[in-house]
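Here's a casual walk through a protein model. Have a look at the sequence and the 3D view first, then read on.

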Amino acid sequence: MRTNIECRVKFSGYNDIKDMNLDMLTAISPIDGRYRGKTEALAGYFSEFALIRYRVRVEIEYFITLCELPLPQLATMDHGLFPRLRAIYEDFSEQDAARVKTIEQTTNHDVKAVEYFIKEKLDEIGGMDSYKEFVHFGLTSQDINNTSVPLALKEALRDVFYPQMEELIDQLRQYAEEWKDVPMLAKTHGQPASPTRLGKEIMVYVYRLSEQLQSLRQCKLTAKFGGATGNYNAHHVAYPAYDWKEFGNRFVSEKLGLEREQYTTQISNYDHLGAIFDAMRRLNTIIIDMDRDFWMYISMDYFKQKIKAGEVGSSAMPHKVNPIDFENSEGNLGIANAILQFLAAKLPVSRLQRDLTDSTVLRNVGVPMGHAVIAIQSTLKGLRKLILHKETLDADLENNWAVVAEAIQTILRREAYPHPYEALKALTRTNQKMTQETIRQFIESLDVSPDVKRELLAINPGNYTGI
């Protein structure tokens, strides 16, 4: 939905007032501006339009559930009208959202505006006058907000975030298989270390991401639903014979697919929401770790990058092909994690039975997911540019024969050779370059059997890669 905004822009010492359309070029946030193409799918879950639609959905489903109970005054409600009621949110349009915002200008209360909008829609259906006051019956605004937001988060995770994470993991798994037999010099503390295999190192990230994605999937998605201070005061005083806790449990579970928090103040406890944010942050941190590794591998010439005609790597240095996708991903994940950490720490804290700080904070739940989605797509783009430069990996191994020292001293330990570690330490911890010939001469000088010597001589940096 495009919005006209009066914007004061300063040019050359004077102020010029002009109307600007809110679009990709004028948006303040890069999520809705520069990166709109990557985040547009999230607009259906976290935009103002989406929040209003989710609120309408919760209100309608609650009204229907009261009819199904039924409350005595709703016993005559024609259940055949339920599809028309659900169409209010299923067919919710930008014009509908604009109408809610118009009502809000009078009410100065966003959830009350939704209630009045639904009552207008019931008037359009007709014959609903005796039922209308059961829209938002006994509820506080947080019963709507604290069901709408987790519902939106649940569906955004399911429809957008999980598929993109799975695509990233699948791409990494494909590379892990493709490069499973490619030996590579490991670097611990930035120094040459026991060789590994490129595919296995990538498989580390497949494993880590898969584990933490599963952890995220196992987090509860809960909702607050219990009236003004969580005790069903209004419900109970009007209809004391009903088990309203059981009703709320069933409504939240069956109609919304969430789990009702059993003891709350006026607002959600947000503890499980915090757990979700922490789980997302762990995933992001793993991707940051991986982005930096691939950045380093590119800088080490282990990978070349596919070149696209017309692209510029540097405004000054024509030769450069920069690993910008991994850098873009790392930057966006850093922003995402900062916000996720704040959300997880702030939302569970509220003065007494509630303060209003959670209200504005909740509107930012989609922001870190937006940055994470940008990052995932950037990482995927970077990964799909990679061209393995095996010559460099092989040369690195050949130039670091010292790394077979571990293998040699371990076999000598097996053979009860005296002080094997110390012997290899004396050989390798010098400024002398270790070559295949240096290692061969050392092995030939050992007082071991010919079979053990043959075993030792068969070891090289390319085949000492473990299992």
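Which element gives the largest share of the lining of the second largest cavity? That would be H8, with four residues. Keep in mind as you look around that this is a predicted model.

**The closed spaces**

Let's stay with that cavity for a moment. Its volume is about 40 Å³, and the residues lining it are Leu198, Glu201, Ile202, Tyr205, Asp293, Phe294 and Tyr297. Helix H8 (198-217) and H11 are the elements that give two or more residues to this lining. Sorted by class, the lining of the second largest cavity has five nonpolar, no polar and two charged residues.

In total, there are two cavities of 30 Å³ or more. The largest cavity holds about 80 Å³ of space. Its lining is made of 14 residues, and Pro150, Thr222, Ser268, Tyr270 and Leu273 lie nearest its centre. Two or more residues of that lining come from each of H7 and helix H11 (271-299), and H7 gives the most, with four residues. By class, the lining of the largest cavity has seven nonpolar, five polar and two charged residues.

**The nonpolar cores**

Phe294, which lines the second largest cavity, turns up again in the largest nonpolar core. That core has 114 residues, and Val56, Phe63, Leu85, Phe161, Leu172 and Phe294 touch the most other members. Helix H7 (residues 141-178) supplies the largest share of this core, 16 residues. What does Phe294 contact, leaving aside its neighbours within four places in sequence? The list is Leu172, Ile202, Phe303, Phe326, Leu383 and Leu386. Apart from the largest core lies another one, of 19 residues, including Ala405, Leu424, Phe442 and Val448. As a rule of thumb, nonpolar side chains in soluble globular proteins tend to be buried together.

Ala405 also belongs to helix H16 (residues 405-414), whose buried residues are Ala405, Ala407, Ile408, Gln409, Ile411 and Leu412. Helix H17 (420-428), helix H18 (436-444) and helix H19 (450-457) are among the elements covering them. Just after H16, Ala416 takes a positive phi of about 60°.

**Salt bridges**

Side chains of opposite charge can pair when their charged atoms come close. Over the whole structure, a search finds 37 salt bridges. Here are three of them:

| Pair | Closest N to O distance |
|---|---|
| Arg55 and Asp110 | 3.0 Å |
| Arg86 and Glu61 | 2.7 Å |
| Lys101 and Glu104 | 3.0 Å |

Arg55 and Asp110 link distant parts of the chain: Arg55 is in helix H3 (residues 48-68) and Asp110 is in helix H6 (residues 110-125), 55 residues apart. Is Arg55 buried or exposed? Arg55 counts as buried, because its relative accessibility is 3%, under the 20% cut-off. Asp110 counts as buried too, at 17%.

The second pair also links distant parts of the chain, with Arg86 in helix H4 (residues 82-90) and Glu61 in helix H3, 25 residues apart. Arg86 is partly exposed, with a relative accessible area of 22%, while Glu61 is buried at 5%.

The third pair is a local one. Lys101 and Glu104 both lie in helix H5 (residues 94-107), three residues apart, about one turn of the helix. An α-helix has 3.6 residues a turn, so residues three or four places apart point the same way. Lys101 is partly exposed, with a relative accessible area of 29%. Through shared partners, salt bridges join Glu48, Arg55, Lys101, Glu104, Asp110 and Arg363 into one network.

**The open pockets**

Glu48, part of that network, is also one of the residues closest to the centre of the largest pocket, along with Asp32, Phe46, Ser47 and Phe49. This pocket has a volume of about 1500 Å³, and 50 residues line it. H3 gives the most to the lining, with seven residues. By class, the lining of the largest pocket has 23 nonpolar, 14 polar and 13 charged residues.

The second largest pocket holds about 590 Å³ of space. Of its 19 lining residues, Pro192, Ala402, Val403, Ala405 and Thr428 lie nearest the centre. Strand E4 (191-197), H16 and H17 are the elements that give two or more residues to this lining, which divides into eight nonpolar, seven polar and four charged residues.

Definitions and conventions:
Residues numbered from 1 in each chain as written. Predicted model: local features only at pLDDT ≥ 70, side-chain atom pairs only at ≥ 80, totals over all residues. Heavy atoms only, no water. Core = buried A, V, L, I, M, F, W, Y, C linked by side-chain atoms within 4.5 Å. Buried < 20%, exposed > 50% of the residue type's maximum accessible area, 1.4 Å probe, protein only. Contact = heavy atoms within 4.5 Å. Salt bridge = Lys/Arg side-chain N within 4 Å of Asp/Glu carboxyl O. 1 Å grid on protein atoms, 1.4 Å probe; cavity = no way out; pocket = protein on both sides within 12 Å on 5 of 7 lines; lining within 4 Å. Points joined across faces, edges and corners; volume = space filled by probe spheres on them. Nonpolar A, V, L, I, M, F, W, Y, C, P; charged D, E, K, R; others polar.
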